Amino acid sequence: MKFNLPTPWTNKEFEIDTLPELIYLVGPNGSGKSRFSEALQPHLENCRTLSADRLWIVCKA
């Protein structure tokens, strides 16, 4: 999987061969967790983002 990252990582690329079954995005407020998850989600089948003061991407096997 490979895609261009959104702001704040302009002109950067994310690339990974395999993803683990569970992904946590952790970082301070304003660090880009939501933007990264929005860029990642279209590349994952059967996944959705959950938010309840925390951001989650859930994938069904």
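**Asking how the labels are earned**

Guide: The chain exposes about 5,100 Å², and carbon and sulfur atoms supply 48% of that area. Please keep in mind that this is a predicted model.

Visitor: What pattern does the chain follow when it is read along the sequence?

Guide: The pattern is β-β-α-β-β, with 1 helix and 4 strands in the chain.

Visitor: What makes Lys2 and Glu13 a salt bridge?

Guide: The label asks for a side-chain nitrogen of Lys or Arg within 4 Å of a carboxyl oxygen of Asp or Glu, and the side chains of Lys2 and Glu13 meet at 3.6 Å, N to O, so the pair satisfies the cut-off. The two residues belong to distant parts of the chain, Lys2 to strand 1 (residues 2-4) and Glu13 to strand 2, and they stand 11 residues apart. A search of the whole structure finds 1 salt bridge.

Visitor: Why can such side chains pair?

Guide: Side chains of opposite charge can do this when their charged atoms come close.

Visitor: Why is Lys2 called partly exposed?

Guide: Buried means under 20% relative accessible area and exposed means over 50%, with partly exposed in between; because Lys2 has a relative accessibility of 48%, it counts as partly exposed. Glu13, with a relative accessible area of 45%, is likewise partly exposed.

Visitor: Where does Leu22 lie, and why does Leu22 count as partly exposed?

Guide: Leu22 lies in the loop between strand 2 (13-15) and helix 1, and its relative accessibility is 48%, so it counts as partly exposed. Together with Tyr24 and Val26, Leu22 forms a nonpolar patch on the surface, and the accessible area of these residues together is about 370 Å².

Visitor: Which residues make up the largest nonpolar core?

Guide: This core has 8 residues, namely Phe3, Leu5, Phe14, Phe36, Ala39, Leu40, Leu44 and Cys47. The largest share of the core, 3 residues, comes from helix 1 (residues 33-40). Over the chain as a whole, buried residues make up 18% of the 61 residues.

Visitor: Which residues of helix 1 are buried, and how do you know that they are on the same side of helix 1?

Guide: The buried residues in helix 1 are Phe36, Ser37, Ala39 and Leu40. They cover an arc of only 160° around the axis, and therefore they are on the same side of helix 1.

Key
Residues are numbered from 1 along each chain as its sequence is written. This is a predicted model: local features need pLDDT of at least 70, side-chain atom pairs count only at pLDDT 80 or more; totals for chains, interfaces and linings use all residues. Side-chain values use heavy atoms; hydrogens and water are left out. A nonpolar core is a set of buried Ala, Val, Leu, Ile, Met, Phe, Trp, Tyr and Cys residues joined through side-chain atoms within 4.5 Å. Buried means under 20% relative accessible area, exposed over 50%, partly exposed in between (1.4 Å probe, protein chains only). Patches are made of residues with over 30% relative accessible area and no salt bridge: like charges are joined within 9 Å, nonpolar side chains (Val, Leu, Ile, Met, Phe, Trp, Tyr) within 5 Å. Accessible areas come from the Shrake-Rupley method with a 1.4 Å probe; for residues, only the protein chains shown count as cover. The arc is that of the directions from the helix axis to the C-beta atoms.
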